[in-house]
Amino acid sequence: MIKFFLMVNKQGQTRLSRYYEHVEINKRAMLEAEVIRSCLSRSKDECSFVEYKDFKLVYRQYAALFIVVGIDQTENEIAVYELIHNFVEVLDKYFSRVSELDIMFNLDRVHIILDEMVLNGCIVETNRNRILAPLFVLDKVAEG
Amino acid sequence: MPAVSKGDGMRGLAVFISDIRNCKSKEAEIKRINKELANIRSKFKGDKALDGYSKKKYVCKLLFIFLLGHDIDFGHMEAVNLLSSNRYTEKQIGYLFISVLVNSNSELIRLINNAIKNDLASRNPTFMGLALHCIANVGSREMAEAFAGEIPKILVAGDTMDSVKQSAALCLLRLYRTSPDLVPMGDWTSRVVHLLNDQHLGVVTAATSLITTLAQKNPEEFKTSVSLAVSRLSRIVTSASTDLQDYTYYFVPAPWLSVKLLRLLQCYPPPEDPAVRGRLTECLETILNKAQEPPKSKKVQHSNAKNAVLFEAISLIIHHDSEPNLLVRACNQLGQFLQHRETNLRYLALESMCTLASSEFSHEAVKTHIETVINALKTERDVSVRQRAVDLLYAMCDRSNAQQIVAEMLNYLETADYSIREEIVLKVAILAEKYAVDYTWYVDTILNLIRIAGDYVSEEVWYRVIQIVINRDDVQGYAAKTVFEALQAPACHENLVKVGGYILGEFGNLIAGDPRSSPLIQFNLLHSKFHLCSVPTRALLLSTYIKFVNLFPEIKTTIQDVLRSDSQLKNADVELQQRAVEYLRLSTIASTDILATVLEEMPPFPERESSILAKLKKKKGPGTVTDLEEIKKERSFDMNGSAEPALNATAVTTPSPLEDLLGLGAAPVTNIAPPPSFNGSLLVDVFLDSPSAVAPLAPGSDDNFASPDLASSEVVSEEPADTVHDADELFHKFVCKNNGVLFENQLLQIGLKSEFRQNLGRMFIFYGNKTSTQFLNFTPTVICSDDLQSNILKLDGGAQVQQVVNIECVSDFMEAPILNIQFRYGGTFQNLSVKLPITLNKFFQPTEMSSQDFFQRWKQLSNPKQEVQNIFKAKHPMDAEITKAKIIGFGSALLEEVDPNPANFVGAGIIHTKTTQIGCLLRLEPNLQAQMYRLTLRTSKEAVSQRLCDLLSEQF
């Protein structure tokens, strides 16, 4: 099961956080700080999986942005690693070359995309067109 | 498309976010946020009704502020209002706010439920999707109560849209996790299984997650999923990548779904149906074959997706552990990955191979990679990869390669990262013991461990080496010689001093023949370290010295001089002072024979499993604790405390022989033995695993993700408390002893250690979780009468293993206190009560007296109300020695040569309560022919006579 999904930049600012198990807000800030610290301290040739407490972090870096996913032992690390990339490709498709700013200014939409892909800590949809379908509906409504 | 904000860009929101970005300092940011919060608050409170757009904008801002780590305590109502909007954009933001910010125990749930109900009934798939997402993400019990009936219907209805089905599947999964009792299995289960056949791969993906969870709990119910999953997998694996166009990711067909299907199959043993089994084998072979084919794309995404499926297939092969051919192929594949240039693959390969090593079919194949793994240990730049390499070496170790692996681990230990040193130490210690053919090698290895990483050598490790040396006489001389040599080093670790002190104290005589290690040299060597050591080590060394007095009478005076010095006799530390005083006295007044008896060589320890193993498992956390049985065994040893701690077992536990021998008259024995203490005496601790060896109640630490906190939603009255587990037999067992297992069922084991002195007592209660799941809301409470006061000193929530209860006997009492324990295991609430074996006799102080005194007092207590007599049949064989031990265990002194009939037993003691002291005399007359006993109690208080008589009568 996926425990949380984070997007944090190199300065440690959280750009997106989605928890699939309830975590108190003060603990969130601490967790996010610790998570980003442990990712930043790693070099390129270290592996993308970090043991953290009793779960694992799977992370990928895109420019200055880290995407970190916390998983328990029932998830396949490398599948989650590629899930991150699939997510980024979906964002890229929607925002046509996504940047950190897109994510900040369209938080609600990024949330929709993530919710279409991961629900209740499980991967639910991986097909890009289907992931984006509800968003296109939304945009149509907004324009019309 | 606009660069910054898409769709219905909310300008105010964009401005606010830009402002935050431009803030130069944290303070400025907080200031800007507070300003915005005040603004939103006033807008929400304002008289003017807000339109949907504004509400949406403000809710979005709040969401953003929340993301920055600020708690949001308002706006929830506005978000709930948005739910009933007919505009999709507004409704969507309302649901988003709720699923991010509202936790499952919010008071708003009822209102939210209403909105959800409307949206579910709307038949508008987009609205239904939003509502279902919300349930899946919040998933409170109230939601389960409201929707658990309906969701399965939506899920299996023929006319439900695919996307709604997907959401419904995950939604049901959430409800099942939070409230399994509200999601009863029913007709829908077989329909759900058939979703694996659904045309739409998105639906299959969602359904597989649901089925996997359900199948873990109800394997029988979902058995048919195996063949369906196999055929689905087979269609994916063998398809040309163009068939599943939309679900193909970089030329890999449906990788995530394949992984999930392979996971689902790991809930079951290999399929019994040969056709299904054949098809699955074919799938697995195809996956393994594909790994050898040239890649269809050079992109790393392609190989990652392919490898995700491959690793999951290997997991399934290992799980089935039945096809030698596949296992060996898997091993070879992983072997290739061990040398791959991608660190991720090397890491995963080491991890998988670790499980593969435990299969009998592939163990040998794994062993062939030993050189690669050792090399990884030396060259990997990532500590987590090196850690995996250590794990794998440990897993692949057997008799044939133990020497090599242990040597490599020791080698690595010199430079190992601090974070994993302790674990490596434990592993080396276990392997050295497990595969020791030659115990001199074992001793060398452990001493090396102490030399290289002394700080990381826990007590379990050095206790164990002592146990082994004591139990094996073929290695004792070697051990003594080796520690003696190791101690020559100018700076040696304190742990070495402990081991050295202990071993020389026992076996120093074996090397004393050599003039280079004469008694005096041994003593001087140890004593040269004395002043640099901590108190516990010095205490141990003092015991070594008194043992030397016995082993080497020729240096007795030297040792006495040391004991007599002010730094010992007037030491500020009470333990050291006491030892010095007692040992000095012992060495002065006891004859050689007595010394030889008291200070005899330690008897062999009962064979038992190493506590190091339990420690390692504890360190490794829940995922890797495979053999719970072992831990259980270990723990029961802890608690039984069967080996009584003592310098010499007979010297302390049975008072009578010693006191006479030492000519100390009637002085209570406790003056000679060190006071019972749980951590004062090191020698004592060697026998008992330290409390830290008890596996934690909650596997894993109490971190944020242990499990959702259900405290507030739990229904305490759901299940009435079980009747008190009287377990009379167990309870009575404790009347004459203080340590042992009090209670045990499938989930929980409770062990006790207690000590009493006068009217005070202290009880250590150890809770052992026998399952691999965490107990939630674990709350033990002690309920006792006013006559007895108990206060709980230490009570960590969630993960505690040990609880200390302080007890004071205020006045005499009948009823034992009750320990009530409540906790949540899985989904069910557990409630149990056990009597704590705190009985009146625990507050006995033995009193020695002469025959004349005894009968004089006996006559004084001749009032009929003061005497209680019971005649009963023997329940156990009538053995005089056992009876004596029981009377002493009961707490009274056993008076010899008092009763004119030597077959009778008499005892005397004083019951201490806070208010008074009650003198008690007892007499037990066995009748061997009739297999009966007559027990007479005389005390100054009738109730006390009665209670003691009742308690003691149960013992014989």
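## A salt bridge within chain A

A:Arg130 and A:Glu125 form a salt bridge, with their closest N and O atoms 3.0 Å apart. The model is predicted. A:Arg130 is partly exposed, at a relative accessible area of 26%. A:Glu125 counts as buried, with 4% relative accessibility. The cut-off for buried is under 20% relative accessible area, so A:Glu125 falls within that class. A:Arg130 lies between the limits of 20% and 50%, and is therefore partly exposed.

## A salt bridge within chain B

B:Glu506 and B:Lys547 also meet through their side chains in a salt bridge, 2.8 Å from N to O. B:Glu506 belongs to helix α27 (residues 494-507) of chain B. B:Lys547 belongs to helix α29 (residues 535-551) of chain B. The pair therefore ties together parts that are 41 residues apart in sequence. Both B:Glu506 and B:Lys547 are buried.

## A salt-bridge network

Salt bridges with shared partners link A:Glu51, B:Arg388, B:Asp391, B:Glu423 and B:Lys427 into one network. Over all chains, the count comes to 50 salt bridges.

One link in the network is the salt bridge between A:Glu51 and B:Arg388, whose closest N and O atoms are 2.2 Å apart. A:Glu51 sits in strand β3 (residues 49-52) of chain A, and B:Arg388 in helix α21 (residues 383-396) of chain B, so this pair joins two chains. Accessibility differs across the pair: A:Glu51 is partly exposed, with a relative accessible area of 43%, whereas B:Arg388 is buried, with a relative accessible area of 6%.

## The interface of chains A and B

How many residues of each chain are in contact? In chain A there are 70, and they touch 73 residues of chain B. The two chains bury about 6700 Å² between them. Carbon and sulfur atoms account for 57% of that area.

Between chain A and chain B, the count is 4 salt bridges. A:Arg42 and B:Asp382 form a salt bridge, with the closest N and O atoms 2.7 Å apart. Polar contacts between the two chains come to 26 residue pairs, both residues at pLDDT 80 or more. Which element of chain A gives the largest share of the side that touches chain B? Helix α2 (residues 77-95) of chain A does, with 11 residues. By class, the side of chain A that touches chain B has 29 nonpolar residues, 14 polar residues and 27 charged residues.

## Strands β14 to β16 of chain B

Strand β14 (residues 905-912) of chain B pairs with strand β15 (residues 917-927) of chain B in the antiparallel sense, over 8 bridges. A hairpin of 4 residues joins β14(B) to β15(B). B:Val906 has B:Arg923 in β15(B) as its bridge partner.

β15(B) also pairs with strand β16 (residues 932-939) of chain B, again in the antiparallel sense and over 8 bridges. B:Arg923 stands opposite B:Thr936 in β16(B). B:Arg923 thus has a place in both pairings, with B:Val906 as a bridge partner and B:Thr936 opposite. The hairpin formed by β15(B) and β16(B) has 4 residues between the strands. In its turn, B:Gln931 has a positive phi of about 55 degrees. In a regular strand, side chains alternate between the two faces of the sheet.

Conventions:
Residues numbered from 1 in each chain as written. Chains lettered and ligands numbered in written order. Heavy atoms only, no water. Buried < 20%, exposed > 50% of the residue type's maximum accessible area, 1.4 Å probe, protein only. Contact = heavy atoms within 4.5 Å. Buried area = accessible area lost by both parts, 1.4 Å probe. Polar contact = N/O pair within 3.5 Å; in protein donor to acceptor, adjacent residues only side chain to side chain. Nonpolar A, V, L, I, M, F, W, Y, C, P; charged D, E, K, R; others polar. Pairing = 2+ DSSP bridges.
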